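Me: I am new to reading protein models and would like a careful look at one small part of this one. Could you take me through that part slowly, and then place it within the chain as a whole?

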Amino acid sequence: MTHGSTMSAARIRETITECLSKAQSDSPEVQQKALQTLAYITKVSPQNRNLLAQSDGAIPALLSLSRSSTTLQALSLSILFYISLNPNLKQSLAEMETIYHLNSIILSLSSPESSRLASSLICSLAMLDKNKAKFGVAGTIQSLVTAVSDPGCPAAHHLLSSLAELVRFHGNCTLAVRSGAVPVLIQVAQSNNSEDLAGTSLAILGLLARFEEGLNALRKTDQIVNSMVDVLKGRCMLSKEGAAEILLRLFDESEGCVRDALRLPEFPTVLADLSIRGSARAREKVSSLMKKLMEADMDAYGDGNSIFLKW
């Protein structure tokens, strides 16, 4: 290590100590300035994040400040988020008490900014597989589903990203299904508020469909095939990929779903259009869907009245 970098590390340590001390001040202005400095130095440097995390009492102090007024809460959550970007710090940050606190911020809806930051922090911590089950135990899945079900939720995108990360773990998938995630996600996918949200919702439904509980919940959803075909007719390619993936899983599992699809006269046209204009992933899924439908169709219409043959 060169002399210059030792000096800078020593100076950073000094700055951190000074800021942590000022963050305990009685003056909100002094506290805010101290937190802004800590946010600035941790945003760009993994080394600075380690130095702050190792500073005596730093994490408890930041957690305590994340329970205060809106501005201080947002700043301290930002700093905790930056610290969580270091893979070596993810496990120690995911204490149960911290997770409960993040759940309560998501549900309180007091500040959209704090909700976004709390869910970004959850998403970052959940990227460490060892942490995923902890969030399930602490009730985070239920909190996310409840918050996303609010139609005007300003942090919906961040909440959905966290849910997508957490349901990669089978136990959390079960919790999501039991918390009513499937109807909530279908509702988000069908609302015209945002293509981005619809795409993420369908991606999560695709993850849930990998496991029996999720697939069963989708299969039992009223008009599920029609809903997915409606998505295939929409504009967002990410949504179309998700809907095609879900239809494939449903067709593998349920002859009833295949029959429902065969009853929709517009379905072959929708698939044909996607097989030409879709993304590579969508085209691949569509070709599997066509194959499955043609096989089922031949079985059902051995007399040559097949909708595919007519078409």
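Reply: What follows looks at Ser227 and Gln223, and then turns to the whole chain.

Please keep in mind that this is a predicted model. Ser227 has its place in helix H16, which covers residues 224-232. The relative accessibility of Ser227 is 9%, and because buried means under 20% relative accessible area, Ser227 counts as buried. The side chain of Ser227 also has a partner, since it makes a polar contact with the side chain of Gln190 at 3.1 Å.

Gln223 is found in the loop between helix H15, residues 212-219, and H16. With a relative accessible area of 47%, Gln223 is partly exposed, because that value lies between the 20% limit for buried and the 50% limit for exposed. The backbone of Gln223 deserves a look as well, for its phi is near 60°, a positive value in a residue other than glycine.

Turning to the whole, the protein chain holds 21 helices and zero strands, and its C-alpha trace spans about 85 × 40 × 30 Å along its principal axes. Of the 311 residues in the protein chain, 50% are buried. If you consider the contacts between residues at least 6 apart in sequence, 68% of them join residues at least 24 apart. The accessible surface of the protein chain comes to about 15,000 Å², and 53% of it belongs to carbon and sulfur atoms. Finally, the chain has 30 positive and 30 negative charges, whose mean positions are 4 Å apart.

Terms used
Residues numbered from 1 in each chain as written. Predicted model: local features only at pLDDT ≥ 70, side-chain atom pairs only at ≥ 80, totals over all residues. Heavy atoms only, no water. Helix = DSSP H or I, 4+ residues; strand = E, 2+ residues; numbered from the N terminus. Buried < 20%, exposed > 50% of the residue type's maximum accessible area, 1.4 Å probe, protein only. Polar contact = N/O pair within 3.5 Å; in protein donor to acceptor, adjacent residues only side chain to side chain. Contact = heavy atoms within 4.5 Å. Areas by Shrake-Rupley, 256 points an atom, 1.4 Å probe, with all protein chains shown as cover. Lys, Arg positive; Asp, Glu negative; His and termini not counted. Charge placed at Lys NZ, Arg CZ, Asp CG, Glu CD.
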